[in-house]
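Visitor: Please take one part of this model and go through it closely. I would like a single connected account rather than a list.

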Amino acid sequence: DYSVDIEYEYLLKALKVVGEGVDLVCCDVSLTPFRNQCANLVTLFFTLHELENAEKSLLNAKNILAVNGFLLLVDKFLYDVSDPAEKLSFLTEKAFH
């Protein structure tokens, strides 16, 4: 099992949670060093909104997924809203991110 992050500090935090048996890989998610179809599960937690080229990263995730593998994607997104109260909550979140 691997944990991948571009920030080494986050890998150290992940290691505290998952414990031994997980290899830490510090790299850009769009340029991982894994061969095609090598992973049964790829997870991306709050990653895509941080990337300049999210499409390239998703393509890489697809490439390393084994046949019938799973992609677990959790992220936030911004969209145009018509309700001013709803828009205010999005602007507040964006300001403090």
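Guide: What follows is a close look at helix α2 and its surroundings in a predicted model. Helix α2 runs over residues 54-64, and its buried residues are S57, N60, A61 and I64. These four cover an arc of only 100° around the axis, so they lie on the same side of α2. The general background is that an α-helix has 3.6 residues a turn, so residues three or four places apart point the same way. The face of α2 turned away from that buried side carries E55 and K62, which are exposed.

What lies over the buried side? The cover of the buried α2 residues includes β3 and β4. Strand β3 spans 39-45 and strand β4 spans 65-74, and each supplies at least two residues of a nonpolar patch. That patch is on the surface and is formed by L41, F45, F46, F70 and L72, with about 550 Å² of accessible area together. One of its members, F46, sits in the loop between β3 and α2. F46 has a relative accessible area of 49%, so it counts as partly exposed, because the cut-off for exposed is over 50%.

A last point concerns the cysteines. The structure holds zero disulfides. For C26, the closest cysteine sulfur is that of C27, at 7.2 Å, which is too far for a bond because a disulfide needs the two sulfur atoms within 2.5 Å. C26 is partly exposed, at a relative accessible area of 45%. C38 is also partly exposed, with 30% relative accessibility.

Key
Residues are numbered from 1 along each chain as its sequence is written. This is a predicted model: local features need pLDDT of at least 70, side-chain atom pairs count only at pLDDT 80 or more; totals for chains, interfaces and linings use all residues. Side-chain values use heavy atoms; hydrogens and water are left out. Patches are made of residues with over 30% relative accessible area and no salt bridge: like charges are joined within 9 Å, nonpolar side chains (Val, Leu, Ile, Met, Phe, Trp, Tyr) within 5 Å. Accessible areas come from the Shrake-Rupley method with a 1.4 Å probe; for residues, only the protein chains shown count as cover. A salt bridge is a side-chain nitrogen of Lys or Arg within 4 Å of a carboxyl oxygen of Asp or Glu. Buried means under 20% relative accessible area, exposed over 50%, partly exposed in between (1.4 Å probe, protein chains only). The arc is that of the directions from the helix axis to the C-beta atoms. Contact means heavy atoms within 4.5 Å.
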